[in-house]
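Visitor: Could you take me on a close look at one spot in this protein, and then show me how it fits into its surroundings?

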Amino acid sequence: SPVPDYLSEVLHTCFGDTSGHTAGYIPELAAADPDLFGLALSTVDGSVYCAGDAGVEFTIQSISKPFIYALAIKEHGLESVLQKVGVEPSGEAFNELSLERESKRPLNPMINAGAITAHTLIAGQGDDGARRDAVILDGLSAFAGRSLTVNESVLGSEMGTAHRNLAIAHMLRSHGIIDQEPAEVVRGYTRQCSINVTARDLALMAATLANGGVQPLTGEQVLTAGVVRQVLAVMTTCGMYDAAGDWVTTVGIPAKSGVAGGIIGALPGQVGLAAFSPRLDHHGNSVRGIKACERLSQDMGLHLMEVP
Ligand code: GLN
């Protein structure tokens, strides 16, 4: 197949861009090797192609958000999740302390306020944090098609500086959006963000979304098509935070980024893409990851608004 050579070529043309910085607010992420760069692509029928550091593990961070949102809808139904979390792009940073004016819901499930809320809905919406941790690890593993693990050093490191997420959780609690203990919720959410993945895993997770909820390798129907549509729509408008407009015009596919440097893109019926490079722009999105996705979208005509 010519695809691996093509991916290496894209990787090499983007490699020289060393702008941006590793995430500064989590010591363990700040210390990541900034030169790592991996690309992976999975078709909906499970052909997986990799280049560069696509087998290196890093933490999933906010790329967990669309999958946990999906599992919350699967568990409670869309109507009930919509009462807790909205679907409007915020135009603000991912960690903004903001709520919808009237409803007091977080604006969407891709920013931290909405993701922390979605996290609390998993495994019965109760106080059993250990059970929620296990259901989340199993749930993300089903999308990846292998058993994922937690990076305990990143978890510990982020918990040491989690003041902003604690503030968000207290804000949610004060408005009755969540009813669990804020500190326990932030611990669980941070653990969810600290799950190890590779770019290859992420490409398969994205391909599961692109494939109507069926994991291409295991054949497991992880989500129904209706849930997938909801998640991809929210990724399109909110997945890249306050850079969503730039992304949707240039790359034009549903996407999600994370502060460890991962990005996924899912093109319905076609492919899941993943990039990994730790240097971030001021929105918290991977600089070389965005560049590579722009190339892939242009070269392969992936933009959703393109008239065939
Ligand atoms: N764990 C990170 C946080 O809550 C995730 C943020 C991100 O990846 N954008 O700050």
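**A close look at Asn108**

Guide: Happy to! Asn108 counts as buried, because it has 26 C-beta neighbours inside 10 Å. Please keep in mind that we are looking at a predicted model. Along the chain, Asn108 sits in the loop that runs between helix 4 (78-82) and helix 5 (112-120).

Now for the company that Asn108 keeps. Leaving aside residues up to four places away in sequence, Asn108 touches Val85, Gly86, Val87, Glu88, Pro89 and Ser90, and also Gly114, Val234 and Cys238. Cys238 deserves a second glance: 130 residues of sequence separate it from Asn108, yet the two C-alpha atoms are 7.3 Å apart in space.

To place that contact, let's step back to the whole chain. The protein chain is divided into domain 1 (3-61 + 196-300) and domain 2 (62-193). Their C-alpha centres lie 20 Å apart, and the contact between the two takes 39 residues from domain 1 and 34 residues from domain 2. On the domain 1 side, at least two residues each come from helix 2, strand 4 (196-197), helix 10 (199-210), helix 11 (225-238), strand 5 (255-257) and strand 6 (262-267). Helix 11 gives the most to this side, with seven residues. By class, the side of domain 1 that touches domain 2 has 21 nonpolar, 13 polar and five charged residues.

The ligand belongs to this part of the picture too. Both domain 1 and domain 2 give residues to the shell around the ligand, so the ligand lies between them. The residues around the ligand are Gln61, Ser62, Phe94, Asn95, Asn112, Glu158, Asn165, Thr190, Cys193, Gly258, Val259 and Gly284. This shell divides into three nonpolar, eight polar and one charged.

One of those ligand neighbours, Glu158, leads us to helix 7 (residues 152-159), where the buried residues are Val154, Ser157 and Glu158. They cover an arc of only 95 degrees around the axis, which puts them on the same side of helix 7. What covers these buried residues includes helix 2 (27-30), strand 3 (58-59) and helix 9 (182-193).

For a last stop, visit helix 1 (residues 3-15), where Leu7, Val10, Leu11 and Cys14 are buried. Seen down the axis of helix 1, these buried residues fall within an arc of 100 degrees, so they line one face of the helix. They pack against strand 1 (38-43), strand 2 (48-52) and helix 13 (287-300), while Asp5, His12 and Thr13 are exposed on the other side of helix 1.

Technical notes: Residues numbered from 1 in each chain as written. Predicted model: local features only at pLDDT ≥ 70, side-chain atom pairs only at ≥ 80, totals over all residues. Buried ≥ 20, exposed ≤ 12 C-beta atoms within 10 Å, placed from the backbone. Helix = DSSP H or I, 4+ residues; strand = E, 2+ residues; numbered from the N terminus. Arc of directions from axis to C-beta. Contact = placed C-beta atoms within 7 Å. Near = placed C-beta within 6 Å. Nonpolar A, V, L, I, M, F, W, Y, C, P; charged D, E, K, R; others polar. Domains from an automatic or database assignment.
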